[in-house]
Amino acid sequence: MTTIDLDELLENLAQCRRCGICRNAVYEDKGFDGVCPVWKNSAGFETSFMRGRIQVALALLDGRLEKTEENAESLFSCTLCGNCTSICAAEFDPAKCLESVREVLNEIPNAVRDTIAKKILENNNPYVDENKTRRDWVKEVGFDIPGTGEVLYFTGCTAGLKLPETAKSTAKVLNAAGVNFAVLEEEPCCGSVMIRTGMVEEAKKNAEKALEMIAKSGAKKIVVTCAGCLKTLREDYSERFGLDVPEVLHMVEYLKPLIESGKLKLKKSSEIKKITWHDPCHLGRALGVYEEPRDILKAIPGVELVEMETNREAAMCCGSGGGLRSYDGNLAKKIASDRIQDAEAIDADILATACPFCEHNLKDGANRIGSKIRVVDILDLISKQLQ
Ligand code: SF4
Ligand code: SF4
């Protein structure tokens, strides 16, 4: 059962002028080129950028192409980064349409997508069987974190299970700011990857379960450190599923006023020199949160913030989103290496971001090319600069 209006979707897809700007456009005013990170790292076939994907989608939808996993492959070799949407001059949002196409065509078999959804529905996360281990980091912060409270830190699967340092840093920063906060006893996945890969009915069931657990915690405000959790909890739960969600803020939004009001004081860093900011697609292009993290970084005394050639609405993707890291890990890491090279090109020492999923992939991208750039989460930086 899909929530998508098929006629409207077809009308939107028909808006594509086949101009090809989304393949490799030149932003003349900004002096750089390269839009689709997948096309840039592929053999150059038409189906490796949005114009071709749209034609494949139309052919699958109207029956000219048989609905097979192989024929639908190009619909999934896309990070849904939205870079094509940023530059497309036609009256539609191509990346959003592709997400809808995945939902409408979700009867087409796809082993990777189905495995991820199954794991999330069975284990409450896409990574491990024992979901309760995602709270293990709490034992290492040196103070108690309750399971109930008005401010809830929703950790997210990647910070909880893959990069617990970010979760610990966040706890340390909230504690230093005098915030009493909670972490769910057994937090579930927000379901972002299920929505992006078209498993929307399953994602809705997951969202209802997650929201029930959030409601039991007494949360009036949710803070997150993952850009994917932010978009999902803030936007998809209410707009897509009609659920009543408490206010959801990314920590960069929550922290900025605390730092500006002096409630949270940061000391000079001798270690951090030239730092650059990677805009996570779900934080930047999707929700327009561009300046808060930059203002926080600039508030660390002694830090020089430098911008990569592509930034804000034109920022290149880290390569991990839209399910691509699971569908084609090598391609995802190649895209991440490109982003690392963007940071190397401006001689940055550190590349900071605010999404554990981006961080994870960017670290792999840096290792892949032997880069010396340090990839860090902004919360890890801030936690080390607390006065
Ligand atoms: S999606 Fe937009 S930019 Fe890409 S070919 Fe179609 S009209 Fe052009
Ligand atoms: S959403 Fe990103 S990866 Fe997908 S086609 Fe558009 S630019 Fe390429």
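**Helix α12 and the domain layout**

Helix α12 is followed by Gly218, a residue whose phi is positive, near 80°. The model is a predicted one, and its protein is divided into domain 1 (6-109), domain 2 (112-257) and domain 3 (264-384). The points below take up α12 and then the meeting of domain 1 with domain 2.

**Length of α12**
- Helix α12 covers residues 200-216, and because each of its 17 residues is taken at 1.5 Å, with the expected span counted as 1.5 Å times one less than the number of residues, the helix should span 24 Å, which agrees with the 24 Å between its end C-alpha atoms.

**The two sides of α12**
- Val200, Ala203, Lys204, Asn206, Ala207, Ala210 and Ile214 are the buried residues of α12.
- Viewed down the helix axis, these buried residues fall within an arc of 165°, and therefore they line one face of α12.
- In an α-helix there are 3.6 residues a turn, so residues three or four places apart point the same way.
- Glu212, Ala215 and Lys216 lie on the other side of α12, where they are exposed.

**What α12 packs against**
- The partners of the buried residues of α12 are the helices α7 (94-104), α8 (111-123), α11 (192-196) and α13 (227-240), together with the strands β3 (151-154) and β5 (221-224).

**Domain 1 and domain 2**
- The C-alpha centres of domain 1 and domain 2 are 30 Å apart, and five residues of domain 1 are in contact with five residues of domain 2.
- On the side of domain 1 that touches domain 2, three residues are charged, one is polar and one is nonpolar.

Methods. Residues are numbered from 1 along each chain as its sequence is written. Chains are lettered from A and ligands numbered from 1 in the order in which they are written. This is a predicted model: local features need pLDDT of at least 70, side-chain atom pairs count only at pLDDT 80 or more; totals for chains, interfaces and linings use all residues. Domain bounds come from an automatic or database domain assignment. Two residues are in contact if their C-beta atoms, placed from the backbone, lie within 7 Å. Ala, Val, Leu, Ile, Met, Phe, Trp, Tyr, Cys and Pro count as nonpolar, Asp, Glu, Lys and Arg as charged, and the others, Gly among them, as polar. Helices (H or I, at least four residues) and strands (E, at least two) are DSSP runs, numbered from the N terminus. A residue is buried if 20 or more other C-beta atoms lie within 10 Å of its own, exposed if 12 or fewer, and partly exposed in between; C-beta atoms are placed from the backbone. The arc is that of the directions from the helix axis to the C-beta atoms.
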